Amino acid sequence: MKKNSPTTSPTPYETGIFTKKFNLSIPSIYNTRKLLTITSTHSIIHLLNCESEEVIMIIDDVINNISSLKGYSLIEKIDKGYSPDEKYIVTIGQTKYFIRLSDMKYHEKRKIEFSLLRELEKQGVQTHKAIEYKSDANLSVMLLSYIEGTPADEIIKNLSDMEQFTIGLAAGKELRKIHQLQAPHPMNWEAAQRKKFNYYLSEYQKDRFKIPQEQKILDYINHNFHLLKDRPVTLLHDDFHLGHIIIFNRDFNGVIDFNGFDFGDPYHDFYNLSLFSRRLSIPYCIGQINGYFSTSPDDTFWRLYALYAAMNIFSTIVWTKQYDPSSFDDALERIHLIIQDHDDFTSAKPLWYKAL
């Protein structure tokens with residue numbers, strides 16, 4: 001899930017190989033529940049915390065068409081995240097699997113994601129293993145291994161500073177492996193970012209709300225935008241933050257959720273440090289940077305890090321006001337923290353970073 005990406009409106013449809021009508025808007029049925037649990041004993045489906053038996057039978061029908069999941073004993077629904085996909089944990093014996101159901105309009109991207117996960121496995125990246133992918137005219141199903149543990153954003157404050165730093169080190173090393181995969185085609189990163197930034201800046205300027213430090217931020221962006229010229233282009237996780245880092249037994253256990261993958265400047269994958277992770281754990285952030293680099297980051301990294309942080313201030317304001325206005329005050333707190341960390345963007349290196 002992207003924390004700053006809009007959700008997509010659900011689309012009802014009728015499946016082919018899955019035979020039933022299915023609607024990816026199931027979360028609206030369980031809008032007060034975070035977890036749906038189904039247990040299966042032979043052909044009997046027991047419903048727990050569920051208002052719609054028809055929906056459960058449909059899910060059961062879908063899963064029964066996946067050969068790797070024959071004989072499952074438990075299905076747990078995952079509601080966390082902004083993704084329009086349906087996500088489940090399916091248990092067979094003592095083994096858990098992760099299943100993602102997607103509308104076919106996402107088929108091409110999900111198919112590429114599945115292939116990328118196989119390539120990442122070759123690189124030794126600690127993430128889901130791609131097991132099976134299938135689709136019909138309206139639904140795609142991705143079956144992956146399950147990574148045991150808890151998202152770091154939920155528990156990292158309960159860990160010691162050294163444990164947080166160590167998890168960051170491991171995450172940074174995994175991010176470095178991710179960036180070993182090159183983009184399949186050349187792209188003009190500078191032009192793409194210019195187009196994206198101009199759109200968000202234009203939308204921001206239409207609104208009456210203004211940041212007091214707006215001009216200082218824009219000055220920094222304008223003075224450093226040229227750094228985007230001829231940047232390397234690699235695979236990006238593009239939503240690399242503590243919510244997608246899994247902790248098990250107080251240690252790093254993997255990175256999840258590549259469904260928002262993209263290709264671009266590898267340093268762009270650090271923007272969530274400033275936007276999300278920094279507020280939860282400075283030791284983790286320092287660890288992620290130190291784990292990624294074999295030596296101290298150079299001036300170019302810090303200038304680009306600050307450039308992406310500055311550009312994301314405007315996109316965060318626009319996106320939050322449009323798609324999640326109830327969290328606008330929280331977004332402003334994060335933005336003010338970014339501005340403070342960079343001393344009104346007179347400093348590229350954030351004030352919290354200390355080489356250890």
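This report describes the overall make-up of a predicted protein model, its empty spaces and one residue, threonine 320.

**The chain as a whole**

The protein chain contains 11 helices and 14 strands. Of its 356 residues, 54% are buried. Contacts that span long stretches of the sequence are well represented: among those between residues at least 6 apart in sequence, 71% join residues at least 24 apart. The accessible surface of the chain amounts to about 16400 Å², and carbon and sulfur atoms account for 50% of that area.

**Empty spaces in the model**

Rolling a probe the size of a water molecule over the atoms shows where empty space is left. In this model, the search of the whole structure yields two cavities of 30 Å³ or more. The table sets out the largest pocket and the largest cavity.

| Space | Volume | Nonpolar lining residues | Polar lining residues | Charged lining residues |
|---|---|---|---|---|
| Largest pocket | about 650 Å³ | 14 | six | 11 |
| Largest cavity | about 90 Å³ | four | four | one |

The largest pocket has a volume of about 650 Å³. Its lining comprises 31 residues, of which Ile78, Lys80, Ile89, Pro151 and Ile256 are the closest to the centre of the pocket. Several elements supply at least two residues each to this lining: strand 5 (74-78), strand 6 (86-92), strand 7 (95-103), helix 3 (107-122), strand 9 (139-145) and strand 10 (150-151).

The largest cavity, with a volume of about 90 Å³, is lined by Gln193, Lys196, Phe197, Tyr200, His268, Tyr308, Met311, Asn312 and Ser315. Two or more residues of this lining come from each of helix 6 (189-206) and helix 10 (299-323).

**Threonine 320**

Helix 10, which contributes to the lining of the largest cavity, also contains threonine 320. Is this threonine 320 buried or exposed? Threonine 320 has a relative accessible area of 3%, and it is therefore buried, as the cut-off for a buried residue is under 20%.

The side chain of threonine 320 reaches the backbone oxygen of threonine 316 at a distance of 2.7 Å. When residues up to four places away in sequence are left out, threonine 320 touches Pro325, Ser327, Phe328 and Ala331.

Conventions:
Residues numbered from 1 in each chain as written. Predicted model: local features only at pLDDT ≥ 70, side-chain atom pairs only at ≥ 80, totals over all residues. Heavy atoms only, no water. 1 Å grid on protein atoms, 1.4 Å probe; cavity = no way out; pocket = protein on both sides within 12 Å on 5 of 7 lines; lining within 4 Å. Points joined across faces, edges and corners; volume = space filled by probe spheres on them. Helix = DSSP H or I, 4+ residues; strand = E, 2+ residues; numbered from the N terminus. Nonpolar A, V, L, I, M, F, W, Y, C, P; charged D, E, K, R; others polar. Buried < 20%, exposed > 50% of the residue type's maximum accessible area, 1.4 Å probe, protein only. Contact = heavy atoms within 4.5 Å. Areas by Shrake-Rupley, 256 points an atom, 1.4 Å probe, with all protein chains shown as cover. Polar contact = N/O pair within 3.5 Å; in protein donor to acceptor, adjacent residues only side chain to side chain.
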